[in-house]
Amino acid sequence: MLYAALWRILPGPRWVRALLCLVLLAAVVAVCFLWLFPRVAPLMPFNDNTVEPHAIGHHAAYERLVA
Amino acid sequence: MRAARWSLGLVGDLCLTVGGLLLLFVVWQLWWTDVTAGRAQAATVHELSRDFAASDPTSSPSSSPRPPTPATLPEPSYGKAFAVLRVPRFGADWVRPVIEGTGHDVLQRGVGHYRGTAMPGAVGNFAIAGHRTTWGRPFHDIDRLRTGDLVVVETRSAYYVYSVRSHLVVDPTDVQVITPVPNRPGARPTSAWLTMTACHPKYSAAHRYVVFAQLVHTYPHDAGLPKGTLAAPKAA
């Protein structure tokens, strides 16, 4: 439904619409790769493996090994 | 009836969208992070190498005699790149920057140094961590290291050559591997160790693959590494 509506809204002959769809797709991928994903990745459970130590006085105490 | 069909179609489109986004995220995580991090880490190594070369006192051969062993560095501030890591087993031209700290941001930019552990060449345990997969995956091949393989750490003052002694697979909470004497918390260190940690198995964070190496040679930076040090070891 969404995509059918998008196709109807886009102007021009079929090839222009197809081109516009590609441009929109590229824009979505760019936003995801450059902005969205770098921000949500640290929140993912499988990325929860890097921690910084608690500072106890001058000594750093680690609770987990990272990477 | 039309309304039902319409809303069913909407749900279908949304499912497609979510599926597409998830797939895109996997592509980003497993491929794109390697592309960007690989480039950035190479640039950091380039910068460090130029910086190290600039501080070599090679221009005046009659300079005062150096101390027999170069002094180890003080610990740098968090996020600062301070050493260059080379592991011939990973490839003759394999090279990565070592950066202070082990936060997400640091490990995306190279190999991280556990804060508070020894500095390169110092008595104690120079403990470092690297991603096994994604973000340039510096320690992807850590399980290919064999006893006797060399790990070379270059700093502003020296090249420190460590030789691999053993490896372990441990739980993420087994932090005693990075104590001054690896795996012996509380023991007084008498030699210089290097400990590498990475996720294990690949594409999982369930365990840690840990490699221990011991300092075998130190070369002043301006003298350079002996020829052949970085030659790829025989297949094992």
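Trainee: Which strands make up the closed barrel in chain B, and in what order do they run?

Mentor: Strands of a sheet pair through backbone hydrogen bonds, either parallel or antiparallel. In this predicted model, the closed barrel of chain B has 8 strands, in the order E1-E2-E3-E4-E7-E8-E6-E5, and its pairing is mixed. From one strand to the next the twist averages 30°.

Trainee: Where can I look to see the antiparallel and the parallel sense of pairing?

Mentor: Strand E2 of chain B, residues 95-100, serves for both, since it can be followed towards E1(B) and towards E3(B). With strand E1 (residues 81-86) of chain B, E2(B) pairs in the antiparallel sense over 5 bridges, and within that pairing Leu85(B) has Arg96(B) as its bridge partner in E2(B). With strand E3 (residues 111-113) of chain B, E2(B) pairs in the parallel sense over 3 bridges, where the bridge partner of Glu100(B) is His113(B).

Trainee: How many bridges join E6 to E8 of chain B, and in which sense do these strands run?

Mentor: Strand E6 (residues 158-170) and strand E8 (residues 207-220) of chain B run antiparallel and are joined by 12 bridges; as one point of reference along E8(B), Gln214(B) stands opposite Ser163(B).

Trainee: Is E2 of chain B mostly covered or mostly open?

Mentor: In a regular strand the side chains alternate between the two faces of the sheet. For E2(B), the count shows a strand that is mostly covered, with 5 of its 6 residues buried. Helix H1 (residues 2-54) of chain B lies across E1, E2 and strand E5 (150-154) of that chain, and runs at about 80° to E2(B).

Trainee: Which residues have the most contacts inside the largest nonpolar core?

Mentor: In soluble globular proteins, nonpolar side chains tend to be buried together. Here the largest nonpolar core holds 55 residues, and those with the most contacts inside it are Val98(B), Ala129(B), Val151(B) and Tyr162(B). Taking Val151(B) as the case to inspect, and leaving aside residues up to four places away in sequence, you will find that Val151(B) touches Val87(B), Tyr162(B), Val164(B), Leu194(B) and Ala213(B).

Trainee: How should the barrel be set within chain B as a whole, and what elements does chain B contain?

Mentor: Chain B has 2 helices and 8 strands, and its elements run α-β-β-α-β-β-β-β-β-β from the N terminus on. The C-alpha atoms fill a box of roughly 95 × 40 × 35 Å along the principal axes, and of the 236 residues of chain B, 38% count as buried. Among contacts in chain B between residues at least 6 apart in sequence, 61% join residues at least 24 apart.

Trainee: Which backbone features in the loops of chain B deserve a careful look?

Mentor: In the loop between strand E7 (192-200) and E8 of chain B lies Pro201(B), which is joined to His200(B) by a cis peptide bond with omega of about -10°. That loop between E7 and E8 of chain B is also the place of Tyr203(B), a residue that has a positive phi of about 65° although it is not a glycine. Asn183(B), in the loop between E6 and E7 of chain B, likewise has a positive phi, near 70°, in a residue other than glycine.

Trainee: Why does Tyr203(B) count as exposed, and why does Asn183(B) count as partly exposed?

Mentor: Tyr203(B) counts as exposed because it has 10 C-beta neighbours inside 10 Å, whereas Asn183(B) counts as partly exposed because it has 17 C-beta neighbours inside 10 Å.

Trainee: What does chain A contain, and which of its elements touch chain B?

Mentor: Chain A has 2 helices and 2 strands, running α-α-β-β from the N terminus on, and buried residues make up 9% of its 67 residues. In the model, 22 residues of chain A are in contact with 34 residues of chain B. The elements of chain A that give two or more residues to this side are helix H1 (2-9), H2 and strand E2 (59-61), and H2(A) gives the most, with 4 residues. By residue class, the side of chain A that touches chain B divides into 16 nonpolar, 3 polar and 3 charged.

Trainee: Which element of chain A has the lowest mean pLDDT, and which the highest?

Mentor: Where pLDDT is low, the predicted coordinates should not be read in detail. Chain A averages a pLDDT of 80, with 76% of the residues scoring at least 70. Among its elements, strand E1 (residues 54-56) of chain A has the lowest mean pLDDT, 41, and helix H2 (residues 14-40) of chain A the highest, 95. Over residues 54-59 of chain A the pLDDT is below 50, and this stretch has 4 contacts in the model beyond near neighbours in sequence.

Key. Residues are numbered from 1 along each chain as its sequence is written. Chains are lettered from A and ligands numbered from 1 in the order in which they are written. A residue is buried if 20 or more other C-beta atoms lie within 10 Å of its own, exposed if 12 or fewer, and partly exposed in between; C-beta atoms are placed from the backbone. Two residues are in contact if their C-beta atoms, placed from the backbone, lie within 7 Å. pLDDT is the predictor's confidence in each residue, from 0 to 100. Ala, Val, Leu, Ile, Met, Phe, Trp, Tyr, Cys and Pro count as nonpolar, Asp, Glu, Lys and Arg as charged, and the others, Gly among them, as polar. A nonpolar core is a set of buried Ala, Val, Leu, Ile, Met, Phe, Trp, Tyr and Cys residues joined through C-beta atoms within 7 Å. Two strands pair if DSSP finds at least two bridges between them. Axes are lines fitted to C-alpha atoms, for helices over the stretch in contact, and angles run from 0 to 180 degrees between N-to-C directions.
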